[in-house]
Each structure stands twice: as C-alpha cells, then as structure tokens.
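Okay, thanks for coming, everyone. Let me put the structure up and then we'll walk through it together.

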Amino acid sequence: MTLRIRTITLTAVAGALLAAAALASYSAFADPSLDSVKVAVQNRLGSDASIKGVAKTPIAGLYEVNLGKEIVYSDANADYLVLGDLVDTRTRKNLTQARNDELNKVDFASLPLANAVKVVKGNGARKLAVFSDPNCGYCKRLETTLKGFDNITVYTFLYPMLSPDSDAKAKAIWCSADRAKAWQAWMLDHQSPSAAGNCDTSALQKNLALGQKLNVSGTPTIILADGRRLPGAVPAEQLDKALSAQH
C-alpha cells in the first residue's frame, strides 16, 4: 500500500493534537461523522487500502482507523497519519494493543473444528485452536510446549503457507489413518507421514481461506476458547496463565 499522506511520529503529533483540541473547543461545528472521516482517509490512502472501520479515541480530533491487520490514527481530514501505539500514561495501558485484541477476537464456537486435527489429553477441559504449518520451527516449539500440558484439547488447523513441501506434508498428515498421531510424530519426533496424501484434502484449502478471513498472517497463531489470540510460540507459563484466565 502506498501512503499518499504525510506521516508524523507520536512525539511530533503531540503539539498538533493540543492545537486540534483547542480548536475543537472553540469550533461551532459538530464533530465530523465517522463516515466522513472514513471517506477522507480512504481518499488519501487510495482504493488499495481496506478500511474495516473508524472510531473515536480519547484524544479530541484523533481517530482510530482499523486497516484489518493494524490500527493507525488520523485527524478528521486525513492530513496526517499517526503510526504507533497509543498509551494511557495514567494507567500505563496500551490502548492500541487492547483495541487490536478486541477487534481480532474470534468466535470459537463458529470455528469449523471438523477441519482440524484434534488432540485430547486428560479430561480435555481446556480448549484452544492453533493455525500451524508443518515446516514452521516455532510451531514445533509450541508442540513441545503443549506436550507438557494435561487436561487440554488442541484443535490444529493445518495451515501450509510456507512452501510446497508444507502443503505435501499437510496432505499426508490429513490423509493418515490417525491424524493426531501422524501430526505429533512429525512435529515432535520428525517422523515423516507415510500416507499418500491423495484423499479429500479440501479441508486444507478451507483452512487457508479461513485464516485469511481471520487475518492469520503467521504461524503458529493460537486462538483461545474465549476468542483471544496468542501469536507465536508462547512460553508454557504464559500459555498456562492465558488458559486459566479464560472466561
């Protein structure tokens, strides 16, 4: 995407925002509608930009622009685009991260779990889904971490995005008589799946389409049962804490 507007840093924008806030307090005009801000930003960024939505921020004159994979900020006329995190200095809360987490939540119940490799350990009470590539080193690290967890159900959506070999291995795993066993044998013990991979593998194409819809741009991507995401091979302690905090 080619930006056609001027960009400034969060530090540099402080003065401009103060001026905008002062101007707003004296303005006789109503706050511009979010639709008009969206149109202004779209016109500046061009048709290639996909704007999912626009929202107000706690700062007068500054608007949140959701581009799907990231959040940026703009003034009402889209004369300036602010790239970076918005932080509440009183609470130390990263407002950008909080909004990203909220906007990227997934309805776990709507996931097509039949298209995933299912592994159940213990009573399987704790649930999570993972988008994973068979040749992803971080995915293998996550599998090693998950090996130490009990009372958990893991739904792995095979997501072969790295190479043609990833696709071949994903097909062979999916076509195995015991998918869970074949998946773990490859990821944990480096035992290549022996199945021919010539069964119905349409689930893999559906997984790729689903991942694109959910903005899954890297593997592993973990989705907790409450809809929150955890990107990457998170440490065992962090994952355990996240699973315990589900509501």
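So here's a warm-up: which residue in E5 is the bridge partner of Tyr73? Have a look while I say the obligatory bit, that this is a predicted model. Right, the partner of Tyr73 in E5 is Val82.

Let's stay in that part for a minute. E4, residues 71–74, and E5, residues 80–82, run antiparallel and are joined by two bridges. Together E4 and E5 make a hairpin with five residues between them, and in the turn Ala78 has a positive phi of about 60°. E4 has a partner in E3 as well: E3 covers residues 63–66, and four bridges join it to E4, again antiparallel. If you want to find the register by eye, look for Val65, which sits opposite Val72 in E4. The E3 and E4 hairpin has four residues between the strands, and there Gly68 takes a positive phi near 95°.

Now the side chains of E4. In a regular strand, side chains alternate between the two faces of the sheet. Here Ile71 and Tyr73 point one way, Val72 and Ser74 point the other way, and all of them are buried.

Okay, zooming out. The protein chain has eight helices and twelve strands. Of its 247 residues, 41% count as buried. And among contacts between residues at least 6 apart in sequence, 66% join residues at least 24 apart.

On to the five-stranded sheet. This one is open, with mixed pairing, and the order is E8-E10-E9-E11-E12. The edge strands are E8, at 117–121, and E12, at 229–231; each has a single partner strand, so one side of each has no neighbour in the sheet. From one strand to the next, the twist averages 20°. At the E12 end, E11, residues 221–224, pairs with E12 in the antiparallel sense over three bridges. One marker there is Thr221, whose bridge partner in E12 is Pro231. Helix H8, residues 236–244, packs on this sheet and touches E9, E10, E11 and E12. The direction of H8 makes about 130° with that of E9.

Next, helix H4, residues 137–147. Its buried residues are Cys139, Leu142, Glu143, Thr145 and Leu146. Why do I say they line one face of the helix? Because, looking down the axis of H4, those buried residues fall within an arc of 160°. On the face turned away from that buried side you'll find the exposed residues Gly137, Thr144 and Lys147. And what do the buried residues of H4 pack against? They pack against E8, E9, E10, H6, E11 and H8.

Let's talk cores. As a rule, nonpolar side chains in soluble globular proteins tend to be buried together. The largest nonpolar core here has 15 residues, and the ones touching the most other members are Val117, Leu158, Ile173, Trp174, Trp183 and Met187. Elements giving two or more residues to this core are E8, H5 (164–174), H6 (179–189) and H7 (202–213). H6 gives the most, with five residues. Take Met187: leaving aside neighbours within four places in sequence, Met187 contacts Ser132, Asp133, Pro134, Cys136, Cys139, Lys140 and Glu143. There's also a second, separate core of 14 residues, including Leu128, Leu146, Val234 and Leu243.

Last topic: aromatics. The count comes to three aromatic pairs. For Phe108 and Tyr155, the ring centres are 6.5 Å apart and the planes are at 65°, so that pair is edge-to-face. Phe108 lies in the loop between H3 and E8, while Tyr155 is in E10, so the pair ties together parts 47 residues apart in sequence. Phe108 is buried, with a relative accessible area of 10%, and Tyr155 counts as buried at 9%.

Phe131 and Phe157 also pair up, this time stacked, at 5.1 Å centre to centre with 15° between the planes. Phe131 is in E9 and Phe157 in E10, 26 residues apart. Both Phe131 and Phe157 are buried. And ring pairs link Phe131, Phe157 and Tyr159 into a cluster.

That's my tour, so over to you.

Methods. Residues are numbered from 1 along each chain as its sequence is written. This is a predicted model: local features need pLDDT of at least 70, side-chain atom pairs count only at pLDDT 80 or more; totals for chains, interfaces and linings use all residues. Side-chain values use heavy atoms; hydrogens and water are left out. Two strands pair if DSSP finds at least two bridges between them. Axes are lines fitted to C-alpha atoms, for helices over the stretch in contact, and angles run from 0 to 180 degrees between N-to-C directions. Contact means heavy atoms within 4.5 Å. A nonpolar core is a set of buried Ala, Val, Leu, Ile, Met, Phe, Trp, Tyr and Cys residues joined through side-chain atoms within 4.5 Å. Buried means under 20% relative accessible area, exposed over 50%, partly exposed in between (1.4 Å probe, protein chains only). The arc is that of the directions from the helix axis to the C-beta atoms. Rings of Phe, Tyr and Trp (its six-membered ring) pair if their centres lie within 6.5 Å; planes under 30 degrees apart count as stacked, over 60 as edge-to-face and the rest as tilted.
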